[in-house]
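Please open the model in a viewer and keep the sequence panel visible. The tour below proceeds by selections, each followed by a description of what is found there.

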Amino acid sequence: MSQNVCPQCGAPIDPGASECKFCGEKLAVKQVAQELQQSQPVYVQQPQQQPQPQVIIQQAAQPVYMTGINPSWPVKNKVVAGLLAILLGGIGVHKFYLGKIGMGILYLCFCWTGIPALIGLIEGIVYLCSNDENFQLKHHVRLQ
């Protein structure tokens, strides 16, 4: 059984190969036909065309971004959450507003220590200073 060599890199070529597996050089049709005559029949499966994705053009006032924000998340206001955290953060009202009931109860249980009030003040400032996308992703809400 004779093996041919690639005209580009000189590597041995398997019978029936349409390109060199080392350098990727396409082999001449004459050379491939000659190899096919010397070897047993080889059935090559034609590559199937993959369906093209449909492009949907959306006419909207604002651009649509792929950010990972789930449309089923509740709609909340970042400014309201920040003000609730600053003013009533000691009893956890901002946590109840954002839907974090367990954290709200925890703030309520320790409200007598004053620590939740300090944490609420800091969280309120962070809420107001964070950008909209980070706020939405962190708290699983959509903004109004």
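The following stops pass through helices, salt bridges, cores and loops of this predicted model.

**Stop 1: helix α2**

Select residues 78-88, which form helix α2. Colour K78, A81, G82 and A85, the buried residues of this helix. They lie on the same side of α2, because the arc they cover around the axis is only 100 degrees. In a helix of this kind, residues three or four places apart point the same way, because there are 3.6 residues a turn. Now display the surroundings: the buried residues of α2 pack against β3 (75-76), α3, α5, α6 and β4.

Next, move to the N-terminal end of α2 and select N77, which caps the helix there. A side-chain oxygen of N77 lies 3.1 Å from the backbone nitrogen of V79.

**Stop 2: K78 and its partner**

Where does the side chain of K78 find its salt-bridge partner? Select D132: the closest N and O atoms of K78 and D132 are 3.0 Å apart. The pair links distant parts of the chain, with K78 in helix α2 and D132 in helix α6 (residues 132-139), 54 residues apart. The two ends differ in accessibility class: K78 is buried, with a relative accessible area of 12%, whereas D132 is partly exposed, at 42%. K78 counts as buried because its value falls under the 20% cut-off.

Keep K78 selected and show its contacts. Leaving aside residues up to four places away in sequence, K78 touches Y127, L128, S130, N131, D132, F135 and L143.

**Stop 3: the second salt bridge**

How many salt bridges does a search of the whole structure find? The search finds two. For the other one, select K95 and E123, whose side chains meet with an N to O distance of 3.2 Å. K95 lies in helix α3 (residues 93-97) and E123 in helix α5 (residues 115-129), so this salt bridge ties together parts that are 28 residues apart in sequence. Both K95 and E123 are buried.

**Stop 4: the nonpolar cores**

Select A81, A85, L98, Y127, F135 and V141 together; these six residues make up the largest nonpolar core. In soluble globular proteins, nonpolar side chains tend to be buried together.

Within this core, centre the view on A85. Not counting residues up to four places away in sequence, A85 touches H94, G120, L121, E123, G124 and Y127. Apart from the largest core lies another, of five residues, including C6, A11, A17 and C20.

Return to the largest core and show the rings of Y127 and F135. Are these rings stacked or edge-to-face? They form an edge-to-face aromatic pair, 5.6 Å centre to centre, with 75 degrees between the planes. The 75 degrees counts as edge-to-face because the angle is over 60 degrees. The count for the structure comes to one aromatic pair, and both Y127 and F135 are buried.

**Stop 5: helix α6 and the residue after it**

Select residues 132-139, helix α6. Which residues of α6 are buried? They are F135, Q136 and H139. Their arc around the axis is only 95 degrees, which puts them on the same side of α6. Show α2, α5 and β4, which are among the elements that cover these buried residues.

Just after α6, select H140, which takes a positive phi of about 55 degrees. Most residues other than glycine have a negative phi. H140 lies in the loop between α6 and β4 (142-143), and H140 counts as partly exposed at 45% relative accessibility.

**Stop 6: the loop before α5**

Finish at G114, in the loop between α4 (101-109) and α5. G114 is partly exposed, with a relative accessible area of 38%. Add G89 to the selection: G114 and G89 are 25 residues apart along the chain, and their C-alpha atoms are separated by 10.0 Å.

Conventions:
Residues numbered from 1 in each chain as written. Predicted model: local features only at pLDDT ≥ 70, side-chain atom pairs only at ≥ 80, totals over all residues. Heavy atoms only, no water. Salt bridge = Lys/Arg side-chain N within 4 Å of Asp/Glu carboxyl O. Helix = DSSP H or I, 4+ residues; strand = E, 2+ residues; numbered from the N terminus. Buried < 20%, exposed > 50% of the residue type's maximum accessible area, 1.4 Å probe, protein only. Core = buried A, V, L, I, M, F, W, Y, C linked by side-chain atoms within 4.5 Å. Contact = heavy atoms within 4.5 Å. Arc of directions from axis to C-beta. Polar contact = N/O pair within 3.5 Å; in protein donor to acceptor, adjacent residues only side chain to side chain. Phe/Tyr/Trp six-rings, centres within 6.5 Å; stacked < 30°, edge-to-face > 60°.
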